[in-house]
Amino acid sequence: MEKLVHTARLAWDGSTGAGYRFYSRAHTAAAADDDLRLSADPHFRGDAALLNPEQLVVMAASSCQLLSFLSLAARRHVDVLGYTDEAVGHLSEDLRRARIELIELAPVIDVAPGTDEKQVLALVEQAHHECYIANSLNSTIRINPTVRTVPEREDEG
């Protein structure tokens, strides 16, 4: 079986000659056909208007959990109608061991009437164990899901 490979391209230019306080943290990254403008976290003299690597890690964890969950739900014919998440990453206060210590995911999962909530919660847990990103990080990932039953949607037409 061929190994899956994922690539990204990153570019920065400027000068660090004037010291830590003065160089630009802004840079670009590209993957697939998307270009992102990135910077450091504002705490590290970055531009708050741009995404930073810590946000990307939190987004990756949240996105992977979503995609793993949806895959499992679809294979088990569980009718998921919506999914939102307000993910939060917590940086370590010990700068000698700089890392994201904890990522908290809080998915709100909307399901069709008659869906077994216990099954949905079990799928959330299974998705966590099958998520490539979660399995690649040494951060603790805590998931606090909420399952809501929503009224059946009327077909538009």
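This note comments on a sheet, a helix packed on it, one residue after the last strand of that sheet, and a surface patch.

1. The model is predicted: local features need pLDDT of at least 70 and side-chain atom pairs count only at pLDDT 80 or more, while totals for chains, interfaces and linings use all residues. Residues are numbered from 1 along each chain as its sequence is written, and side-chain values use heavy atoms, without hydrogens or water.

2. An open sheet of mixed pairing contains 3 strands in the order 4-7-9. Its edge strands, each paired on one side only, are strand 4 (80–84) and strand 9 (146–149). From one strand to the next, the twist averages 20 degrees. Strands are DSSP runs of E (at least two residues) and helices are runs of H or I (at least four), numbered from the N terminus; two strands pair if DSSP finds at least two bridges between them.

3. Strand 7 (residues 108–111) runs parallel to strand 9 and is joined to it by 4 bridges. Isoleucine 109 stands opposite valine 147 in strand 9. Helix 1 (residues 53–75) packs on the sheet and touches strand 4 and strand 7; contact means heavy atoms within 4.5 Å.

4. Valine 150 lies in the segment after strand 9. Valine 150 counts as buried because its relative accessibility is 18%, the limit being under 20%, with exposed over 50% and partly exposed in between (1.4 Å probe, protein chains only). Beyond its neighbours within four places in sequence, valine 150 contacts Leu81, Asp110, Val111, Ala112 and Pro113.

5. Tyrosine 20, in the loop between strand 1 (9–11) and strand 2 (27–31), is partly exposed because its relative accessibility is 48%.

Methods. Patches are made of residues with over 30% relative accessible area and no salt bridge: like charges are joined within 9 Å, nonpolar side chains (Val, Leu, Ile, Met, Phe, Trp, Tyr) within 5 Å. Accessible areas come from the Shrake-Rupley method with a 1.4 Å probe; for residues, only the protein chains shown count as cover. A salt bridge is a side-chain nitrogen of Lys or Arg within 4 Å of a carboxyl oxygen of Asp or Glu. Axes are lines fitted to C-alpha atoms, for helices over the stretch in contact, and angles run from 0 to 180 degrees between N-to-C directions.
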